[in-house]
Amino acid sequence: MTKTLYLMRHGQTRFNELKRIQGVSDSPLTALGIEQATKARAYFQKLGIRFTAVYASTQERAVDTAEIVSGSTNVVRLKGLKEMDFGAFEGQSETLNPPLIPDVGYADYFVQHGGEDSMAVRQRVGNTVRELLANHADGDTILAVSHGGAIAQFYRGVLDNPPQVRMRNCAILTFEVEDQYFKLDNIYDPVNESMLYENTTTIS
């Protein structure tokens, strides 16, 4: 048997709306962000999905999204699910970001500015997800709410052929997890009710 992990990004925030770099700094969900999270909740309800446990990064935008989506305040907060630290670039215009390196991210660019290395984020989030899954039994269904950059680094670390998908607000990644093997079934956008990615292979 496998465990099911739903890993999703938070709803739109004020910084998202203003197109500002938002890593370890925080800003609240906008009215649209709350609406997006509500649509994600409706998606799970329509499918009849009930969560064994709900996790979120310690950042306000992730916790609030998790509470709205799950309908519960019993959310376990984990620092390991936090977004990448952009150092001195936090709160600045997104136009200051350097070009992304395919399948890598920003590499160590932000380290010189007091931020985090992309590979360090990949390891941090990967370790955190594996640790939380180790506390669950086969058949459990887990929701974890994190951030666009952190999620991208996670799936680049656990998938052989990671999809090239822009992580929209409240995008939901569905993983089947068996032992240490992660299979990404799909990435769904509940806001626009569209599938961003689908995997037709099976666990062997």
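## A walk through the core and its helices

Let us start at Phe182, a residue of strand β6. The model we are looking at is a predicted one. Phe182 counts as buried because its relative accessibility is 3%, and buried here means under 20%. Setting aside neighbours within four places in sequence, Phe182 is in contact with Leu5, Val129, Arg130, Leu133, Phe154, Val158, Leu159, Phe175, Glu176 and Val177. For a sense of distance, look across to Gln45: its C-alpha atom is separated from that of Phe182 by 24 Å, with the two positions 137 residues apart along the chain.

From here we can step into the core. Phe182 is one of the residues that touch the most other members of the largest nonpolar core, together with Leu5, Phe154, Tyr155, Leu173 and Phe175; this core has 34 residues. Two or more residues come from each of β1 (3-9), β2 (53-57), α4, β4 (141-146), α5 (148-158), β5 and β6. Which element gives the most to this core? That is α5, with six residues. A separate core of 21 residues lies apart from this one, and includes Met8, Tyr43, Val63 and Leu143.

Helix α5 deserves a closer look. Eight of its eleven residues are buried, so the definition of buried as under 20% relative accessible area fits most of this helix. The buried residues are Gly148, Ala150, Ile151, Ala152, Gln153, Phe154, Tyr155 and Val158. They pack against β1, α4, β4, β5 and β6. Phe154 shows how such packing looks for a single residue: leaving out residues up to four places away in sequence, Phe154 touches Leu7, Val125, Gly126, Val129, Phe175 and Phe182. The link between Phe154 and Phe182 brings us back to our starting residue.

Next, follow α5 to its partner α4. How are these two helices arranged? Their axes are 8 Å apart and meet at an angle of about 80 degrees, and α4 and α5 are therefore roughly perpendicular to each other. On the α4 side, the contact is made by Ser118, Met119, Val121, Arg122, Val125, Gly126, Val129 and Arg130, and on the α5 side by Ala150, Gln153, Phe154, Arg156, Gly157 and Val158. Sorted by class, the contact of α4 with α5 has seven nonpolar, four polar and three charged residues.

One of the charged residues here is worth a stop. Arg122 lies in helix α4. Is Arg122 buried or exposed? Arg122 is buried, because its relative accessible area is 18%, and the limit for buried is under 20%. Not counting residues up to four places away in sequence, Arg122 touches Asp103, Val104, Gln153, Arg156 and Gly157. The C-alpha atoms of Arg122 and Met84 are separated by 9.3 Å, although the two residues are 38 residues apart along the chain.

Asp103, one of the residues touched by Arg122, leads us into a loop. Asp103 is found between β3 (76-78) and α4 (118-134), and counts as partly exposed because its relative accessibility is 37%. Its phi is near 65 degrees, a positive value in a residue other than glycine. The loop between β3 and α4 also holds Glu94, which counts as partly exposed at 33% relative accessibility. Glu94 touches Lys19, Arg20 and Ile21, not counting residues up to four places away in sequence. The C-alpha atoms of Glu94 and Asn199 are separated by 31 Å, with the residues 105 apart along the chain.

A positive phi turns up elsewhere too. Asp179, a residue other than glycine, has a phi near 55 degrees. Asp179 sits in the loop between β5 (172-178) and β6 (181-189), and counts as exposed because its relative accessibility is 71%.

We can finish with another helix pair, α2 (residues 31-47) and α3 (residues 60-70), which pack at an angle of about 40 degrees with their axes 8 Å apart. The two helices are therefore oblique to each other, and α2 passes α3 in a right-handed crossing. Ile34, Ala37, Thr38, Ala40, Arg41 and Phe44 of α2 meet Thr65, Ile68 and Val69 of α3. Six of the residues in this contact are nonpolar, two are polar and one is charged.

How values were computed: Residues are numbered from 1 along each chain as its sequence is written. This is a predicted model: local features need pLDDT of at least 70, side-chain atom pairs count only at pLDDT 80 or more; totals for chains, interfaces and linings use all residues. Side-chain values use heavy atoms; hydrogens and water are left out. Helices (H or I, at least four residues) and strands (E, at least two) are DSSP runs, numbered from the N terminus. Buried means under 20% relative accessible area, exposed over 50%, partly exposed in between (1.4 Å probe, protein chains only). A nonpolar core is a set of buried Ala, Val, Leu, Ile, Met, Phe, Trp, Tyr and Cys residues joined through side-chain atoms within 4.5 Å. Contact means heavy atoms within 4.5 Å. Axes are lines fitted to C-alpha atoms, for helices over the stretch in contact, and angles run from 0 to 180 degrees between N-to-C directions. Angles under 35 degrees count as roughly parallel, over 145 as roughly antiparallel, 65 to 115 as roughly perpendicular and the rest as oblique. A crossing is left-handed if the near helix is turned anticlockwise from the far one by less than a right angle, and right-handed if clockwise. Ala, Val, Leu, Ile, Met, Phe, Trp, Tyr, Cys and Pro count as nonpolar, Asp, Glu, Lys and Arg as charged, and the others, Gly among them, as polar.
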